[in-house]
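Welcome, and thanks for taking a look. Have the structure open as you read, so that you can follow along residue by residue.

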Amino acid sequence: MATADLLLHPVRMRILQALFETDPLTTAQLRERLPDIAPATMYRHIAVLVENDVLEVVEERRVRGTVERSYRVRKEEAVVGRDARAAMTRDDHQRAYSTFAASLMGDFDRYLARPGADPNVDGVVYQQAAVWLTDEEFAAMAEEIRHVVMSRTGGERDGGRRRRVVSLVVVPDDPA
């Protein structure tokens with residue numbers, strides 16, 4: 001499993017998000033999806049992800065004298081594990097969460113900038129709820145949510161399905 005520093009870098013996080021639950025993509029295809037990332041920056045961060053086994057090369061083919069590679073996320077490696085999270089300081093968590101939140105805001109901004117984007121029609125959801133649970137009840141709920149989301153990954157990419165990104169944030173709130 002990877003470290004938070006590796007996965008929660010803003011550029012690497014966007015590359016990974018672009019590759020989650022998609023067919024393998026080339027760097028050129030990633031650049032089309034992430035046009036604001038400079039080519040040299042894109043190549044550098046892809047190399048870091050490949051070196052750390054988070055991305056794997058699934059195809060290589062010759063194109064005009066160069067080798068074009070297609071990449072896929074190694075899901076089991078694209079996770080900040082429990083031990084890595086436990087080793088993080090409060091400042092590390094603050095930086096990681098800020099990167100995550102900024103990434104969500106950027107994703108939403110890019111979505112709204114698309115022609116025809118309609119949050120009501122497209123099923124955009126952002127919602128908060130407070131629940132009162134013991135640690136055991138919370139662990140069970142978190143596992144249920146994880147199971148529901150993960151059971152729906154890997155679906156067929158047919159004409160009626162759209163890729164949707166599900167993000168979850170849980171913050172303890174101990175009222176005074």
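The notes below go from the overall chain to its sheet and then to its core.

## The chain as a whole

Please keep in mind that this is a predicted model. The chain holds 8 helices and 3 strands. Starting at the N terminus, the order of elements is α-α-β-α-α-β-β-α-α-α-α. If you draw a box around the C-alpha atoms along the principal axes, it comes to roughly 65 × 40 × 30 Å.

Of the 176 residues in the chain, 23% are buried. Looking at contacts between residues at least 6 apart in sequence, 56% link residues at least 24 apart.

## Surface and charge

About 13100 Å² of the chain is exposed, and 52% of that area is supplied by carbon and sulfur atoms. As for charge, you will find 25 positive and 29 negative side chains. The centres of these two sets are 7 Å apart.

## The sheet

The 3 strands form an open sheet in the order β1-β3-β2, and the pairing is antiparallel. Its edge strands, β1 (25-26) and β2 (55-63), each pair on one side only.

Let's take the two pairings in turn. Antiparallel strands β2 and β3 are joined by 8 bridges. Within this pair, Leu55 sits opposite Val73 in β3, while Arg62 faces Val67 of β3. The hairpin made by β2 and β3 has 2 residues between its strands, and Arg64 there adopts a positive phi near 45°. On the other side, 2 bridges connect β1 to β3, again antiparallel. Here Leu25 is the residue opposite Tyr71 in β3.

## The nonpolar core

Which residues touch the most other members of the largest nonpolar core? Among its 23 residues, they are Ile15, Leu19, Leu30 and Leu55. Elements contributing two or more residues to this core are α1 (4-7), α2 (10-19), α4 (39-51) and β3 (66-73). The largest share comes from α2, with 5 residues.

Leu55 is a good place to zoom in, since you have now met this residue in both the sheet and the core. Leaving out residues up to four places away in sequence, Leu55 touches Ile15, Leu16, Leu19, Ile46, Leu49, Val50, Tyr71, Arg72, Val73 and Arg74. Two names on that list are familiar from the sheet: Val73 stands opposite Leu55 itself, and Tyr71 stands opposite Leu25. Two others, Ile15 and Leu19, appear beside Leu55 in the group of core residues that touch the most other members.

How values were computed:
Residues numbered from 1 in each chain as written. Predicted model: local features only at pLDDT ≥ 70, side-chain atom pairs only at ≥ 80, totals over all residues. Heavy atoms only, no water. Core = buried A, V, L, I, M, F, W, Y, C linked by side-chain atoms within 4.5 Å. Buried < 20%, exposed > 50% of the residue type's maximum accessible area, 1.4 Å probe, protein only. Helix = DSSP H or I, 4+ residues; strand = E, 2+ residues; numbered from the N terminus. Contact = heavy atoms within 4.5 Å. Areas by Shrake-Rupley, 256 points an atom, 1.4 Å probe, with all protein chains shown as cover. Lys, Arg positive; Asp, Glu negative; His and termini not counted. Charge placed at Lys NZ, Arg CZ, Asp CG, Glu CD. Pairing = 2+ DSSP bridges.
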